[in-house]
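Hi everyone, thanks for coming. I'd like to walk you through a structure you probably haven't looked at before, so have a look at it first.

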Amino acid sequence: MRNETQHPRVTVNAMRTYKRIRIPGATYFFTLTLAERRHNDLLVRHIEALRTAFRQTLADHPVVIEAIVVLPDHLHCLWQLPTGDDDFPTRWRLIKSRFSRQISAGERVSSSRVRRRERGLWQRRYWEHVIRDERDYRRHLDYIHYNPVKHGYVDDPKAWPFSSLHRLIGRGVYDSDWAAPPDGIDLDLD
Ligand code: NI
């Protein structure tokens, strides 16, 4: 995974065939994607299962979710990790498996099939990026909230229900008429 940050406390952990840069207390942008993307709307169809997986995981391993958008087959979010904590891989592993287990349980399939689906529902790899500065933060914030328009689901970002845009408009981070991508959205991240 590519990361352009420079930081004195960087530790690089070898994970299988690639490396992740882990910085305690940093803010990260993540993209997680289902393995099967064609005609797959599992994440929004089972949004309550996804919320439960997040809630259970973050209860024991808190993060500040600065922003999030859930699309039918992938999600993007910005997390701020607690001071001294760099363990996002554990959090994502738990969220992914807890979501998968709820879906599998609901579909009453054989236990071997459940195990296969639990492994295979999500892409094993995910994208992470350490936020470098305010400008980088804002770019990724806007990227997240514009994403439902980028992917063609809605014309107005506010029309997408599974997004933190509404919450951030409420807090005054965005104007209530925010709709068009400002100059900053030049990211090509899916
Ligand atoms: Ni996307």
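Let me start with one definition: a residue counts as buried if 20 or more other C-beta atoms lie within 10 Å of its own, as exposed if there are 12 or fewer, and as partly exposed in between. Keep in mind, too, that this is a predicted model.

Now take threonine 27, which is found in strand β3. Buried, exposed or partly exposed? Threonine 27 has 19 other C-beta atoms within 10 Å, so it's partly exposed. Leaving out neighbours within four places in sequence, its contacts are Glu66, Leu78, Trp79, Gln80, Ile131 and Tyr137. And here's a nice one: threonine 27 and histidine 129 are 102 residues apart in sequence, yet 8.6 Å apart in space, C-alpha to C-alpha.

Okay, let's zoom out. The protein chain has six helices and six strands, and along the sequence they run β-β-β-α-α-β-β-α-α-β-α-α. The chain has 190 residues, of which 27% count as buried. If you take the contacts with a separation of 6 or more, 66% of them join residues 24 or more positions apart.

Back to β3, then. Which strands does it pair with? One is β5, in the antiparallel sense, over seven bridges; there, phenylalanine 30 of β3 stands opposite cysteine 77 in β5. Another is β6, residues 127–130, again antiparallel, over four bridges. In that pairing, threonine 31 stands opposite tryptophan 127 in β6.

If you carry on past β3, you get to the loop between β3 and α1, and that's where histidine 39 sits. Histidine 39 has 7 other C-beta atoms within 10 Å, so it's exposed. Have a look at its backbone as well: phi is near 55 degrees, a positive value in a residue other than glycine. For context, most residues other than glycine have a negative phi.

Next up, helix α2, residues 47–60. Its buried residues are Leu50, Ala53, Phe54 and Thr57. Looking down the axis of α2, those buried residues fall within an arc of 95 degrees, so they line one face of the helix. Why would a spacing like that work? An α-helix has 3.6 residues a turn, so residues three or four places apart point the same way. On the face of α2 turned away from the buried side, you'll find the exposed residues Glu48, Arg55, Ala59 and Asp60.

Now for α5, residues 134–150. This helix has 17 residues and reaches 23 Å from its first C-alpha to its last, close to the 24 Å expected. There's a bend in α5, though, of about 35 degrees at isoleucine 144, with proline 148 following within four residues. The buried residues of α5, including His140, Tyr143 and Ile144, pack against β3, β4, β5 and α6. Just after α5 comes glycine 152, with a positive phi near 85 degrees.

Let's stay with isoleucine 144. Not counting residues up to four places away in sequence, it touches Ala67, Ile68, Val69, His76, Cys77 and Leu78. Ile144 also belongs to the largest nonpolar core, which has 29 residues. Which members touch the most others? That's Tyr28, Leu75, Leu78, Trp79 and Ile144. As for where this core comes from, β3, α2, β4, β5, α3 and α5 each supply at least two of its residues.

That's my tour, and I'm happy to take questions.

How values were computed. Residues are numbered from 1 along each chain as its sequence is written. This is a predicted model: local features need pLDDT of at least 70, side-chain atom pairs count only at pLDDT 80 or more; totals for chains, interfaces and linings use all residues. The expected span of a helix is 1.5 Å times one less than its number of residues. The bend at a residue is the angle between axes fitted to the seven residues ending there and the seven starting there. Two residues are in contact if their C-beta atoms, placed from the backbone, lie within 7 Å. The arc is that of the directions from the helix axis to the C-beta atoms. A nonpolar core is a set of buried Ala, Val, Leu, Ile, Met, Phe, Trp, Tyr and Cys residues joined through C-beta atoms within 7 Å. Two strands pair if DSSP finds at least two bridges between them.
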